[in-house]
Amino acid sequence: MSVLALASVVCFAGMVYPFKPFRRRWIALVSLLACFVLVGVLAPKNAPTQIAAPDPNPRPWSATEDDGKFWVTSERLNRRTCPSNSCGVVGQFFFREGTSVLERRDGWARVTKSYDASCVNGRSQYVDTGNASCDPANGIIDGQFAEWVSAEYLSDVRPPDPAAGAAGIEALVAGSDDFARHRVAFAEAAQSLIAQGRCKDQDFRDMGGWLKSSNHRNQPIYFTYCGGSTVANRLYLNADTGEVFR
């Protein structure tokens, strides 16, 4: 850059003829031309724009077949470690819950990418019920698995909302799990708790209603929070008997 600056100064000097060092016009003109050539040579050049080529997909298994939104049409839909009823259950979808379908196979739909199965002593810690073995027969390969559900209970049209038109106390618990099955029990329990002063309307608005308890999988036990979000504020409801307990 210092050489470039010096060349620019000399060129400027040629333009102010007849001052020194240029006493003759032709010397000044030649000097001026030579200096501009020099500046052009020494001037920094912009590097050509580099357009990065797209990286190849490092995870070909992430490519999707449908990758659209589908909705659960059954009250419960088991999420399994492989496309078979003999595979372990790692959780459930609820009625009207949405999911994406990444792959279809023989009446089954894959709804997640592969992830760690948390295998300890050859058994997956994610499996709630059924086969927990960490082996290919259970869909767990190299310590990973993807979740599969029965495609029979998926629809590209969301089922009607059973809480549509709910009013009064029912509107406070309209977001409850299994609302269609237990709407009366949910509403009556909420109304009783509010009347007793144990809960407020806002508690149910914040929670949306009653949520299914994962600690009581095979029982109609649901929970909500009143007065805070700690364990001490959690209330359980047996939707069959109407009993509320901590």
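Contacts that are distant in sequence come first. Of the contacts in the protein with a separation of 6 or more, 55% are between residues 24 or more positions apart. A contact here means heavy atoms within 4.5 Å.

This is a predicted model, in which local features need pLDDT of at least 70 and side-chain atom pairs count only at pLDDT 80 or more, while totals for chains, interfaces and linings use all residues. Residues are numbered from 1 along each chain as its sequence is written, and side-chain values use heavy atoms, with hydrogens and water left out.

**Confidence**

pLDDT is the predictor's confidence in each residue, from 0 to 100. Its mean over the protein is 82. A value of 70 or more is reached by 72% of the residues. Residues 15-23 stay under 50. The model gives that stretch 13 contacts beyond four places in sequence. Residues 47-66 are also below 50. Beyond near neighbours in sequence, this stretch has 13 contacts in the model.

**Overall build**

The protein has five helices and 16 strands. These are DSSP runs, numbered from the N terminus: helices (H or I) have at least four residues, strands (E) at least two. Of the 246 residues, 36% are buried. Buried means under 20% relative accessible area, exposed means over 50%, and partly exposed lies in between (1.4 Å probe, protein chains only). The accessible surface comes to about 15,000 Å². Carbon and sulfur atoms hold 54% of that surface. Accessible areas come from the Shrake-Rupley method with a 1.4 Å probe; for residues, only the protein chains shown count as cover.

**The largest pocket**

The largest pocket has a volume of about 290 Å³. It is lined by 16 residues, and the closest to its centre are Phe 95, Pro 162, Ser 176, Asp 178 and Phe 179. By class, the lining has seven nonpolar, two polar and seven charged residues. Ala, Val, Leu, Ile, Met, Phe, Trp, Tyr, Cys and Pro count as nonpolar, Asp, Glu, Lys and Arg as charged, and the others, Gly among them, as polar. A pocket is an open set of points on a 1 Å grid over the protein atoms alone, where a 1.4 Å probe fits, with protein on both sides within 12 Å along at least five of seven lines; lining residues have an atom within 4 Å of a point. Grid points are joined across faces, edges and corners, and the volume is the space filled by probe spheres set on the points.

**Loop residues**

Several loop residues deserve a look.

| Residue | Loop between | Relative accessibility |
|---|---|---|
| Arg 96 | strand E3 (89-94) and strand E4 (98-100) | 16%, buried |
| Ser 118 | strand E7 (115-116) and strand E8 (119-120) | 26%, partly exposed |
| Glu 147 | strand E10 (144-145) and strand E11 (148-150) | 5%, buried |
| Arg 198 | helix H4 (179-196) and helix H5 (201-207) | 37%, partly exposed |

Arg 96 is not a glycine, yet its phi is positive, at about 75°. Ser 118 is not a glycine either, and its positive phi is about 55°.

Glu 147 touches Arg 79, Arg 80, Val 90, Ala 109, Arg 110, Val 111, Thr 112 and Tyr 115, not counting residues up to four places away in sequence.

Ser 114 sits in the loop between strand E6 (108-110) and E7. At 34% relative accessibility, Ser 114 is partly exposed. Ser 114 lies 30 residues from Gln 144 in sequence, but 5.9 Å away in space, C-alpha to C-alpha.

Arg 198 and Cys 226 are 28 residues apart in sequence and 7.0 Å apart in space, C-alpha to C-alpha. Leaving out residues up to four places away in sequence, Arg 198 touches Leu 193, Cys 226, Leu 235 and Val 244.
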